[in-house]
Amino acid sequence: MGLEESTFRDVVCTVCGCCCDHLEVTVKEDTVVKVKNACAMSTSKLLNYMNERIMKPMIRRRGRLSGCSYRDAVDAAAKILLKSRSPLLYGWSLTSCEAVEVGVELAEEVGGFIDNTTSTCHGPTILGVHEIGESSSTLGEVRHRADLIIYWGCNPIHAHPLHMSRYTLLSKGRFRKSRSERTLIVVDVRRTDTAKMADMFIQVEPNKDYELISALRAAVRGDEIEQDEVGGVPTDLIEEVAEMLISCDFGALFFGLGLTMSPGKSENVDAALSLVRDLNSKTKFVIIPMRGHFNVNGANNVMTWMTGYPYAIDFTRGFPYYNPGETSAVDLLARGECDSALIVASDPVSNFPYKATCNLTSIPLITIDPHITPTVLCSDVVFPSALVGIETSGTVYRMDGVPLVARKLVEPPRNIRSDIEILRDILRRYRNLKRLGR
Amino acid sequence: MSREIAILNGTVFDPTNRIFGERMDIFVKDGKIVGSASSKAQRIDASGKVVMPGGVDIHSHIAGSKVNSGRLLRPEDHRKDVEVKTPTTHSGVGYSIPSTYTTGYRYAKMGYTTVFEPATPPLKTRHTHEELDSTPIIDKGCFPLFGNNWFVMEYLRDGKVEECATYVAWMLKALKGYAIKIVDPGGVEVWGWGKFLRHLDEKVTHFNVTPREIIRGLCKVNRLLNLPHPIHVHTNNLGNPGNYTTTIETMDTVRDMANGSKPIVHITHVQFTGFSGSSWLNLGSGAPEIAEYVNKHGHVSVDLGQIIFGDTTTMTADGPFQYFLHMLTDNKWVNMDVEVETGSGIVPFQYKRSNYVNAIQWGIGLELALLIKDPWRVFMTTDHPNGGPFTYYPRVIAWLMSRKARERTLSKINRTARRRLTLPSIDREYTLEEIATITRAAPARSLGLKNKGHFGLGADADIAVYDINPSDMDVLRRKPAKLRRAFGQACYTIKNGAVVVRDGKILKSPFGRTFYVESQTKPEIESNLLRSIETRFRDYYTVGIENYQINESYLRYPAKVRCEAEI
Ligand SMILES: [Zn+2]
């Protein structure tokens, strides 16, 4: 990659679960200079990815992080893992499937736990799928066919900015050519910017999603609703919405953390999955979770094909064991069950509950991340890594399971390696040390 | 370690080369079958044992988005069947949808060395390859789905068979796929609207084309491209009483295109489309009628889709059928429609001996295998995991080889079903050479894999040695449990010239190759086509054509099979 300006087309974005693949990125002297077709979040990432970077491996010595050779960092990381009985390997949603694959192998080798960020976002969605299943489709089906679109507890205008224009309300499909051929319903606790675009906005009282979905299910079945209102929504309106759900040709329900992370998490999702399932006896209806990180779905997929389970996997018994709530990162840390941790492309110190964070920062901590984060600053060994989709290639899975390759656009800074390479080196060193009996 | 192996004094079954149980030696060098070996060769004493080419599974759902959704749906399936990490193997889980490593190990332990994933949604084929590349030991490949593809339906509606062929050739190349798979042609597109399609001559909504036209069109395409395997068809009406007529009609709709004695249509898991009767109450076996058709017509091959009593996970690209199964059982259900191309569904299912319909289904599969005379045109499958997990193959072999094994199961199934089946009156027992045919030689030939399924010089050194003494066959037929054990745990499995299994234990697990076909059409025809689909691609798909294609370098060990297109 030289001094000439060159433009990459059909670039896959690595921000949210939309994985938009139509970006145009212009590169000059190994720096991104121009971005087209991207949303603001994506443009900002692509233009500012060099900010707050870690430039060399570090080890904590006498209480302070200081630079070290890559070899020493690999050695230190392998030794931490070798000394611990139940290490936790966490993160994985902002890296490639290929890196996750090595991560699972490492977790198995060290006999530890591996978990991805699902446990703090769409964990309840997956628990719901275990119970009920899901009637779903790729986003293109929604684009071509959906005449009714629902966003429930999510705000794509801010969190998934191109979702509406590429896949839903504003997209042009084979059987739906324009906005006027689609109806948008938004359900949320407050009038979000997404709600402002809706044909119908339904304001549900906080923590009343379950009640409202249940009432809708009853109305769809044709049962009488006794109360005058449910969750702050008048019964007449609920019945009207039920009629809209039944009479559309193809409906799509998208939901976000408003549903999965409010009290009653799993029940909320169970109810939503059941509602959509029920609707399929009357019309066509699909449900798609609005996954946040660009490859959280890929992390779920890789872990599932390698172990049978999508997250929160316990290898301490020599085989994959799964019990979210017990084997998920936050719960393990809260109970103080891990004696070391390796974090890949995630910042649990900023995001985990207080108790879990306290325990995480009190055990030997290895972090692999491109950027300086609070987790990095609390670590004992730090590896700077290359950004997937900018400085290194890798497979990522869109929120609907469509796999895409996020390509390398520029060279990473000198001596900065990919997650895969770092993880492989740690695994190799670990195996060597183990063989030597150290 | 020596790269030569000498397997001495075994009783060899190699139907392709007309070797039917001869005492002889087999030599291996550098991954191939050779005529002799030096004194340095690793010697394997196979006296009193059966030696066959490695098993070839033509239809088993082992990888891809649908399989993984099945895993995700069913933690309860995995908990009852775990594999602990060992020095030579990774840990994993079963049972009906094993994790990738476990899948490879379990096939190898049974002496199977080649497996084809028969239904990959093109848009998600990258996922299929990721899983295939994570599955050790076996060679593999995948069949992309074409029967509900918008481009295909539009070309065929407009009578543009050559354009359709050019498109299919490009797709197979772009996806690294191996054959044309057709599932419920037209029916899955209609299911995109939650509707059902019932007849071969019913028009697909919005596309003005019929299932019959799709099947005939793709059969012509297959011939124009000279693809190694015929069109691989899961018919319309799967799972409906009376559907055996749809099966026969589907076979018959391409009869006029027959090409000598070579099959031009493969009907898969034919048990599921072998129902006679008009309702669940008077459901019967359509196997005698289907077998009669197959016996009279050389242009058809089938695989069984045998069911196994017990718990499993059903998964097909037939979205409407899976919904029907969900409504029938009230079991949990996953549906995944894929834009422009296909759909899929998943429902856990339990086949019960006492259940009338399940008992009939069990009988249909075995009747088909026993009534079809030519073992070269009927292949053993359970449509894993739809009829049951592939790990039950030894049980199917025992049923086919031993009348006693069948009688034992017959005595336990639903009585009304037993009365209505032809099975109790069938005496035929498969011979070892017939088993070798339906489990390796015939599927390898059907797939056009010239170096698989036999021991000719230069063939791939994929070999299974089973602890069966052919002179004891009469005893074994009376003790089917022994037969099952022998086929369940190979004494040796040799893959690509390396001993990977010994006495049912994995010694090592190298990764196998991924086969895909390239049927090169004339460059100017291809570039014209690409120009025309490029303009439509972004309108149809939510991804760009650049991101849709899969480079050869994406596969761990790609193995290209070339063929000459006639266009
Ligand atoms: Zn199948």
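**Figure 1. Tyr95(B) sits in the loop between strand E8 (92-93) and helix H3 (100-109) of chain B.** Helices (H or I, at least four residues) and strands (E, at least two) are DSSP runs, numbered from the N terminus. The peptide bond that joins Gly94(B) and Tyr95(B) is cis, with omega at about -5 degrees. This is a predicted model, in which local features need pLDDT of at least 70 and side-chain atom pairs count only at pLDDT 80 or more, while totals for chains, interfaces and linings use all residues. Residues are numbered from 1 along each chain as its sequence is written, chains are lettered from A and ligands numbered from 1 in the order in which they are written, and side-chain values use heavy atoms, with hydrogens and water left out.

**Figure 2. A second cis peptide bond of chain B runs from His384(B) to Pro385(B).** Omega is near -5 degrees at this bond. Pro385(B) belongs to the loop between E20 and H13 of chain B. Most residues other than glycine have a negative phi, and most peptide bonds are trans.

**Figure 3. Asn415(A) has a positive phi although the residue is not glycine.** The value is near 65 degrees. Asn415(A) is part of the loop between strand E22 (403-406) and helix H17 (419-436) of chain A.

**Figure 4. Chain B is shown whole, with 20 helices and 26 strands.** Its C-alpha atoms occupy a box of roughly 65 × 55 × 50 Å along the principal axes. The radius of gyration of chain B is 22 Å, which agrees with the value near 24 Å for a compact globule of 567 residues. This radius is taken over C-alpha atoms, and the globule rule is 2.2 Å times the number of residues to the power 0.38.

**Figure 5. Five parallel strands of chain B form an open sheet in the order E6-E9-E10-E25-E26.** Strand E6 (55-57) and strand E26 (558-564) of chain B are the edge strands, each paired on one side only. On average, neighbouring strands of this sheet are turned by 25 degrees against each other, direction ignored. Helix H6 (residues 161-175) of chain B packs on the sheet and touches strand E10 (139-144) and strand E25 (514-520) of chain B. The direction of H6(B) makes about 150 degrees with that of E25(B). Contact means heavy atoms within 4.5 Å. Axes are lines fitted to C-alpha atoms, for helices over the stretch in contact, and angles run from 0 to 180 degrees between N-to-C directions.

**Figure 6. E6(B) and strand E9 (residues 112-120) of chain B pair in the parallel sense over three bridges.** Two strands pair if DSSP finds at least two bridges between them. Gly55(B) is opposite Tyr112(B) of E9(B). Helix H16 (residues 432-446) of chain B lies across E6 and E9 of chain B, at about 55 degrees to E6(B).

**Figure 7. Another open sheet of chain B has five parallel strands in the order E11-E12-E13-E16-E20.** Strand E11 (181-183) and strand E20 (378-379) of chain B are at the edges with a single partner strand each, so one side of each has no neighbour in the sheet. Within the sheet, strand E12 (residues 231-234) and strand E13 (residues 265-267) of chain B are joined in parallel by three bridges. His232(B) has His266(B) in E13(B) as its bridge partner.

**Figure 8. Helix H13 (residues 393-401) and helix H14 (residues 403-410) of chain B pack at about 105 degrees, with their axes 5 Å apart.** That angle makes H13(B) roughly perpendicular to H14(B); the term covers 65 to 115 degrees, with angles under 35 counted as roughly parallel, over 145 as roughly antiparallel and the rest as oblique. Ala398(B), Trp399(B), Leu400(B) and Met401(B) of H13(B) meet Arg403(B), Ala405(B), Arg406(B) and Thr409(B) of H14(B). The contact of H13(B) with H14(B) has five nonpolar, one polar and two charged residues. Ala, Val, Leu, Ile, Met, Phe, Trp, Tyr, Cys and Pro count as nonpolar, Asp, Glu, Lys and Arg as charged, and the others, Gly among them, as polar.

**Figure 9. Helix H12 (residues 356-371) of chain B and H14(B) cross at roughly 160 degrees, their axes coming within 12 Å.** H12(B) is therefore roughly antiparallel to H14(B). Trp362(B), Leu366(B) and Leu370(B) of H12(B) make the contact with Arg406(B), Thr409(B) and Leu410(B) of H14(B). By class, the residues of this contact are four nonpolar, one polar and one charged.
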